[in-house]
Amino acid sequence: MNMINDDTIAAIATPPGEGGIAIIRLSGPQALSIADRVFECAGLPPSKRAGNSFVHGWIFDDTTGEAGPEVIDEVILLVYRAPHSYTRDDVIEIQGHGGAVCARRILRRLIDAGARSADPGEFTRRAFLNGRLDLLQAEAVLDLIRARSDRAATMASDQLNGSLSSLFNDIYDNLVSSAADLESSLDFSEDELPGHVIPEIQDRVRTAAEDLARLRATWDEGQILREGALVVITGQPNVGKSTLLNRLLTSQRAIVSGTPGTTRDTIEEGFILNGLAVRLVDTAGLRETDCEVEREGIARAGSYINRADVQIYVMDASIGIGTEDRTNLERLDGDHSIIVLNKIDLGQAVEADEVRAYGTPIECCLINGVAPDGIKDALSTIIESGIPQMQQAAISERHRSLIVNTITSVDEGLSRLGENEESGVLLAANALRDAIEHLGLVTGRVYHDELLESVFSRFCVGK
Amino acid sequence: MKYGVMVIGAGHAGCEAALAAARMGVKTALLAVDRTAIARMSCNPSIGGIAKSHIVHEIDALGGEMAVNTDYTGIQFRTLNTKKGPAVQATRVQCDKAFYPTRMQAVVDQTPNLDVIETLATDIWVENGKLRGVRDSNGETLAAETVVITAGTFLRGKIHIGDESFEGGRIGEKAAYDLSTSLESLGFRLRRLKTGTPPRIHRDSIDYECMELQPGLDPPPMFSWRAKRELFHVEQSGDDLFHVEQSDIRPWRPGSDQIPCYLTHTTPETHAIIEANLTRSAMYGGQIDATGVRYCPSIEDKIVRFRDKSSHHIFIEPEGRINDLVYPNGISNSFPKEVQDEFVRTIPGLSRAELVNYAYAIEYDFSDPTQLDHSLESKLVENLYFAGQVNGTTGYEEAAGQGLIAGINAAIKVIRGTPLILSRHESYIGVLVDDLVIKGTDEPYRMFTSRAEHRLMLRQDNARYRMRDHAARIGIVDPDMVSETGRYAEQVESEIERLNRVRRGDRTLAQILRRPDMSYGELDGRDETLPQEVARQVEITLKYDGYIQRDLERIEKARGMEEKAIPEWVDYNAIKSLRTESRQKLNEIQPRTIGQAARISGINPSDIAILSVVIKRGRA
Ligand SMILES: Cc1cc2nc3c(=O)[nH]c(=O)nc-3n(C[C@H](O)[C@H](O)[C@H](O)COP(=O)(O)OP(=O)(O)OC[C@H]3O[C@@H](n4cnc5c(N)ncnc54)[C@H](O)[C@@H]3O)c2cc1C
């Protein structure tokens with residue numbers, strides 16, 4: 001019996017709200033016997049079946065009495081036997097057809113039959129503890145679950161295959177060997193060892209610094225792929241911002257509902273644009289105001305704007321450029337802005353060329369239902385250009401902050417080495433030790449309790 | 001007569017162990033095969049060097065003898081790594097090979113509570129699982145409450161010179177075979193290591209004008225608080241009558257009349273001869289299969305491993321004032337005598353060298369140190385301690401550091417106190433012991449500064465501040481030193497506080513002092529009345545301040561793991577999710593805390609995670 005995972009956990013593995021199939025997972029030493037208790041099929045019960053096999057059948061409830069147990073759902077049941085499973089324990093996967101309500105009833109049935117409801121990330125935690133995944137791979141699973149687009153999923157699955165681990169390990173090994181050379185120049189007098197030339201070590205550390213900088217750059221890509229590009233719609237009141245939001249959304253399927261509770265006056269919606277996730281935010285109108293609530297909304301809009309990957313500035317083309325418009329336009333980042341000249345059907349007081357210096361101008365009439373294809377094209381061009389063409393890897397926020405720390409330490413090491421003072425070597429060696437420690441935290445090569453905690457607390461239930 | 005502590009072997013570990021125990025007031029016996037071989041220097045008569053010097057300073061701060069003995073018998077004093085910063089600066093002293101042991105013997109003889117027994121120990125005497133003492137080669141039983149084994153390279157020692165080989169613990173001394181057998185029968189795992197020593201050359205057969213002169217430093221850097229202080233008083237009074245006490249050696253003032261070393265090098269002819277004769281070397285001919293010292297390689301090793309290097313340094317080091325021999329540092333080997341004669345004479349300045357003793361290599365048993373606790377007491381037999389080369393280390397300093405700890409802890413066991421366990425962040429001795437008992441070793445273990453995680457805090461200049469509380473508790477250092485250290489520590493603290501407060505323009509004095517080119521002596525606003533040592537501590541502490549703060553934070557962060565005990569009920573065999581090799585390692589080493597477990601080589605983060613989960617749940 002597995003001493004760590006001596007109980008059996010169960011959870012719904014599919015995200016809530018999705019229609020179609022629901023998957024319920026069961027992992028642990030009693031997975032097979034619990035399945036026997038709740039599942040009926042033709043032929044052998046699950047516990048007598050081979051690993052990696054599936055069988056069609058029904059999940060029954062435990063009603064006793066005359067009528068006998070009732071069917072909860074018609075399902076496909078998959079059997080994985082330890083250690084050939086995701087967690088390396090026995091795993092049963094139940095694919096139900098009845099949607100979310102049925103899935104919850106199945107889960108309740110499994111718990112009544114002896115399973116325990118899984119903690120967030122517990123399946124992956126078990127996989128990690130059983131040596132099935134390394135830390136980077138475990139984090140990739142998290143990303144995969146949260147992936148909002150095909151391209152984010154590709155990235156996460158690359159990471160799952162270990163490509164990121166090997167990249168990190170290369171840098172790690174380079175730093176370790178450079179540090180070791182520095183250390184030996186401290187521990188041996190010149191005569192004891194064949195001299196290690198500082199410039200040569202410097203070169204190697206510099207290579208590591210460049211690799212790290214490149215890795216950090218991929219964070220921006222990762223951020224866009226993982227979280228979706230943040231697109232903020234701004235403009236003065238009543239120029240058609242909400243209409244634009246609806247136009248963009250109705251032509252696509254919204255996959256994220258508004259973020260409830262956090263804002264009264266900004267609305268965030270998501271959609272997929274050419275395989276990329278986009279988070280669309282409609283902000284409060286930008287104008288001078290005495291109303292406190294509105295001012296608050298405008299301040300919040302400002303914070304969105306600061307983080308935005310793209311800003312869409314909407315204006316009423318029929319009235320022309322007012323002073324407030326002028327101020328707002330001047331603040332735009334030309335390479336990452338789209339200027340929508342709305343309401344051209346009411347007359348055109350502003351020409352595209354007049355605003356071209358502030359962003360990409362698009363003329364349209366949203367109210368007439370003119371499909372804003374031009375807007376979508378411009379949007380996807382800008383988002384694509386923000387993604388470096390390095391497809392190799394992308395890193396998460398936790399990785400990013402550790403890499404930033406690593407880079408700080410490596411830079412300090414390089415500057416100490418450049419001091420031309422022998423005493424710099426000692427401090428450089430120290431800085432490299434710090435760098436190695438930070439980087440080791442990425443790959444799990446240095447152990448910290450809180451590291452594991454922080455990684456696993458982010459997992460959703462079910463994986 | 002029953003002793004409280006009985007030490008087997010009067011080498012560098014044995015002397016420290018016996019002296020410490022006796023000074024703590026416990027009746028102690030030191031077993032030596034030959035009284036005149038006490039504290040003999042098997043190899044190069046030099047003490048200190050990078051990282052080793054740190055250990056010697058700690059020994060001094062805790063009340064050991066090595067530092068004092070070195071200062072009072074040194075013939076050349078140097079500081080290494082002077083330009084690389086105080087944390088890696090080290091003192092190295094060439095001792096007089098004859099006087100070092102003579103003085104140590106005199107100290108041993110004059111120490112109350114300490115008897116020297118001239119005999120060869122053959123058996124650890126255990127009855128009903130309880131340690132009773134030692135049996136010797138005369139069939140006598142010697143009763144003792146605790147026993148410290150410091151047998152050095154003597155356990156099943158086997159000497160090789162070229163294709164010749166014979167039993168011996170050191171050249172001219174008998175090996176100890178029975179003791180190995182006795183330890184094995186008690187269940188101890190013994191393994192093999194090897195080491196070597198170069199030939200010795202008659203000093204009159206050397207042409208020094210072909211070599212580079214390497215003088216000692218003046219004023220001489222010293223290890224011990226006592227020598228530094230006495231020297232200071234001598235200088236103050238102009239009194240020159242300072243002498244090596246406790247012996248009949250001609251008086252001289254420590255550090256005076258230093259004898260220079262010389263530097264020469266191997267030539268292409270040397271390399272050619274060595275290459276041509278590789279198969280005749282005991283090591284390369286395959287006669288020895290034990291693991292050697294990677295960091296102190298034989299000349300064969302250096303030539304084979306660094307083929308692109310056409311020349312290696314050789315230091316010509318005198319062995320003493322009245323001793324005719326010199327030690328050619330850098331050409332230890334295990335060639336037959338005639339090959340040694342031939343290649344040595346191709347070295348500039350050695351063309352007519354007369355080899356008085358030939359180089360040899362020695363293979364010996366060591367006891368796997370993971371069988372010990374941090375107090376150096378064995379887990380298999382209560383009250384039995386191991387220290388020195390017998391634990392797989394190499395070097396006098398590493399041996400002495402362990403000897404001191406084992407002797408103190410054996411005495412504490414007798415008087416029933418809390419053992420002295422030094423941590424990794426307060427001392428090199430702590431690093432040494434922790435590495436040995438947690439990681440073990442596959443090759444002769446030598447100390448390096450890179451082994452210490454908190455290197456900037458573990459300097460030789462602050463050893464006595466780091467060791468002060470322990471020294472006060474153990475109580476075998478001069479009380480004046482403890483109180484002076486306390487006084488200085490306060491002065492350092494208040495001066496740092498002042499420098500952080502007082503400004504010159506828009507910067508504090510502390511900020512000004514932190515500039516790379518600034519020293520306390522040049523600081524406008526310095527306190528002229530501060531003792532020099534205090535000023536130095538202030539300067540170093542401030543210069544490393546940022547780094548030391550970060551280190552302290554790291555120590556604090558690790559404390560949780562370091563202190564999280566692994567309860568007795570944890571049964572690694574029952575934790576099936578641990579990998580088999582991890583289970584084996586954990587069973588073998590039996591770490592006491594999660595922090596220790598995490599340091600075991602081969603134990604990875606997921607093993608630790610599993611272990612933490614098991615402990616948290618409170619059941620296997
Ligand atoms: C050939 C050789 C080469 C070396 N080269 C180097 C080197 O290059 N670098 C380096 O750092 N170190 C070197 N050393 C190691 C250094 O000498 C030792 O590390 C150091 O002396 C170890 O101290 P110790 O107290 O553990 O043992 P030792 O100094 O060996 O002392 C052991 C003592 O125990 C006694 N003894 C042993 N068994 C018994 C018994 N059964 N009964 C009674 N007494 C017993 C012996 O007589 C001896 O006095 C070398 C040693 C040798 C022999």
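In chain B, strand S10 (residues 158–161) and strand S19 (residues 360–367) run antiparallel to each other and pair over three bridges. That's a good place to start looking around this model, which is predicted.

**A four-stranded sheet in chain B**

Have a look at B:Ile159 first. On the S19(B) side, B:Ile159 sits opposite B:Ile362. S10(B) has a second partner too: S10(B) and S11(B) pair in the antiparallel sense, over four bridges. On that side, B:Ile159 stands opposite B:Phe166 in S11(B). So how do S10(B) and S11(B) connect, and how many residues lie between the strands? They form a hairpin with two residues between the strands, and B:Gly162 in this hairpin takes a positive phi near 55 degrees.

Now zoom out a little. These strands belong to an open sheet of four strands in chain B, in the order S11-S10-S19-S12, with antiparallel pairing. Which strands are at the edges? They're strand S11 (164–167) and strand S12 (190–197) of chain B, and each of them pairs on one side only. Going from one strand to the next, the twist averages 25 degrees. What holds strands like these to each other? Strands of a sheet pair through backbone hydrogen bonds, and the pairing can be parallel or antiparallel.

**A seven-stranded sheet in chain A**

Chain A has an open sheet of its own to look at, this one with seven strands in the order S3-S4-S5-S6-S2-S1-S7 and with mixed pairing. Its edge strands are strand S3 (39–40) and strand S7 (116–117) of chain A, each pairing on one side only. At the S7 end, strand S1 (residues 9–12) of chain A pairs with S7(A) in the parallel sense, over two bridges. Within that pair, A:Ala10 stands opposite A:Ser117 in S7(A).

There's a helix to spot here as well. Helix H3 (residues 122–129) of chain A lies across S1, strand S2 (22–27) and S7 of chain A, and it runs at about 130 degrees to S1(A).

**Helix H16 of chain B**

Back to chain B for a quick check with a ruler. Helix H16 (residues 532–543) of chain B has twelve residues, and at 1.5 Å a residue it should span 16 Å; its end C-alpha atoms are 17 Å apart, so the two values agree.

Which residues of H16(B) are buried? They are B:Val534, B:Ala535, B:Gln537, B:Val538, B:Ile540 and B:Leu542. And what covers them? The cover includes helix H12 (463–466), helix H14 (479–501), helix H15 (509–514) and helix H17 (545–563) of chain B.

**Two residues worth a click**

B:Gly14 lies in helix H1 (residues 12–23) of chain B. Is B:Gly14 buried or exposed? Its relative accessibility is 0%, so B:Gly14 counts as buried. Leaving aside neighbours within four places in sequence, B:Gly14 is in contact with B:Val7, B:Gly9, B:Leu30 and B:Thr150. You can also pick out B:Ala32: it is 18 residues from B:Gly14 along the chain, and their C-alpha atoms are separated by 9.2 Å.

B:Lys52 sits in helix H2 (residues 52–62) of chain B. Why does this lysine count as buried? The cut-off for buried is under 20% relative accessible area, and B:Lys52 has 13% relative accessibility, so B:Lys52 counts as buried. Again leaving aside neighbours within four places in sequence, B:Lys52 is in contact with B:Thr394, B:Gly395, B:Glu397, B:Glu398 and B:Arg446.

**The two chains as a whole**

Here are some whole-chain values.

| Property | Chain and value |
|---|---|
| Helices and strands | chain A: 15 helices and 13 strands |
| Helices and strands | chain B: 20 helices and 22 strands |
| Buried residues | chain A: 51% of 463 residues |
| Buried residues | chain B: 61% of 620 residues |
| Exposed area | chain A: about 20200 Å², 50% from carbon and sulfur atoms |
| Exposed area | chain B: about 24100 Å², 48% from carbon and sulfur atoms |

Alongside its 20 helices and 22 strands, chain B has a radius of gyration of 25 Å, close to the 25 Å that the globule rule gives for 620 residues, so chain B is as compact as a globular protein of that length. The C-alpha trace of chain B spans about 70 × 65 × 55 Å along its principal axes.

Finally, consider contacts with a separation of 6 or more. In chain B, residues 24 or more positions apart account for 73% of them; in chain A, residues 24 or more positions apart account for 67% of such contacts.

Key. Residues numbered from 1 in each chain as written. Chains lettered and ligands numbered in written order. Predicted model: local features only at pLDDT ≥ 70, side-chain atom pairs only at ≥ 80, totals over all residues. Heavy atoms only, no water. Pairing = 2+ DSSP bridges. Axes fitted to C-alpha atoms, helices over the stretch in contact; angles between N-to-C directions. Expected span 1.5 Å × (residues − 1). Buried < 20%, exposed > 50% of the residue type's maximum accessible area, 1.4 Å probe, protein only. Contact = heavy atoms within 4.5 Å. Rg over C-alpha atoms; globule rule 2.2 N^0.38 Å. Areas by Shrake-Rupley, 256 points an atom, 1.4 Å probe, with all protein chains shown as cover.
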